[in-house]
Amino acid sequence: MSNIPNDLKYTKTHEWIKVEDSTALIGITDFAQRELSDIVYIEITALNKEVRQDDPIGVIEAVKAVADIYAPVSGTVIAANDALRDEPAKVNQSPYEDGWLAKIRISNPEELNGLLDPAAYAELVKRSTHH
């Protein structure tokens, strides 16, 4: 069973978002890191760029797959987790704390209302695991 913290919102593409004032901390979920398995490389390509909700903001490479990272909300990408450059496996070990990926200054807070709450995300994960 995946770890799905109650204080976060989620996307259908398995990103999580934690909002503090007008800033969003973003990462991939426990379910996503497990599906990818051993993460070997992460790059946030949209640093200091304006992005729209659902735009790709970076790439995660794992031993068995490469996946885009999508912006859960529109805004400006203001930070990337530099620690992941040397230790991308932090995302596997701690997807909700040390393994965060990026920060976005939110330009349209209304978009938060369209994200999944923990219960809805848990339902999505359940459907994803029963192919």
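A pocket is an open set of grid points where a 1.4 Å probe fits, with protein on both sides within 12 Å along at least five of seven lines. The exercises below concern a predicted model.

**Exercise 1.** Determine how much space lies in the largest pocket, and which elements contribute to its lining.

*Solution.* Step 1: the largest pocket holds about 160 Å³ of space. Step 2: its lining consists of Y41, I42, E43, I44, L47, A80, N81, D82, L84, R85 and L101. Step 3: two or more residues of this lining come from each of β4 (39-44) and α2 (83-86). Step 4: β4 gives the most, with four residues. Step 5: sorted by class, the lining has seven nonpolar, one polar and three charged residues.

**Exercise 2.** Establish the strand order of the open sheet, and identify the strands that stand at its edges.

*Solution.* Step 1: six strands make up the open sheet, in the order β1-β2-β3-β9-β8-β5, and their pairing is antiparallel. Step 2: β1 (9-10) and β5 (50-51) each have a single partner strand, so one side of each lacks a neighbour in the sheet, and these two stand at the edges. Step 3: as a detail of the pairing, strand β2 (residues 15-20) is joined to strand β3 (residues 23-28) by six bridges. Step 4: one of the residue pairings is that of E20, whose bridge partner in β3 is T23.

**Exercise 3.** Find the aromatic pairs of the whole structure, and classify each by its geometry.

*Solution.* Step 1: the search yields two aromatic pairs. Step 2: in the pair of Y10 and Y121, the centres are 4.6 Å apart and the planes are at 15 degrees. Planes under 30 degrees apart count as stacked, and the pair of Y10 and Y121 is accordingly stacked. Step 3: Y10 belongs to strand β1 and Y121 to helix α4 (residues 118-129), so the pair ties together parts that are 111 residues apart in sequence. Step 4: Y10 is buried, at a relative accessible area of 0%, and Y121 is buried with a relative accessible area of 0%.

Step 5: the other pair, W16 and Y96, is tilted, with 5.8 Å from centre to centre and 50 degrees between the planes. Step 6: W16 lies in strand β2 and Y96 in the loop between α3 (90-93) and β9 (102-106), so this pair ties together parts 80 residues apart in sequence. Step 7: both W16 and Y96 are buried.

**Exercise 4.** State which ring lies beneath the charged end of K103.

*Solution.* The charged end of K103 sits over the ring of W100, at 5.4 Å from the ring centre.

Definitions and conventions:
Residues are numbered from 1 along each chain as its sequence is written. This is a predicted model: local features need pLDDT of at least 70, side-chain atom pairs count only at pLDDT 80 or more; totals for chains, interfaces and linings use all residues. Side-chain values use heavy atoms; hydrogens and water are left out. Two strands pair if DSSP finds at least two bridges between them. On a 1 Å grid over the protein atoms alone, a cavity is a set of points where a 1.4 Å probe fits but cannot get out, and a pocket is an open set with protein on both sides within 12 Å along at least five of seven lines; lining residues have an atom within 4 Å of a point. Grid points are joined across faces, edges and corners, and a volume is the space filled by probe spheres set on the points. Ala, Val, Leu, Ile, Met, Phe, Trp, Tyr, Cys and Pro count as nonpolar, Asp, Glu, Lys and Arg as charged, and the others, Gly among them, as polar. Rings of Phe, Tyr and Trp (its six-membered ring) pair if their centres lie within 6.5 Å; planes under 30 degrees apart count as stacked, over 60 as edge-to-face and the rest as tilted. Buried means under 20% relative accessible area, exposed over 50%, partly exposed in between (1.4 Å probe, protein chains only). A charge sits over a ring if NZ of Lys or CZ of Arg is within 6 Å of the ring centre and within 35 degrees of the ring normal.
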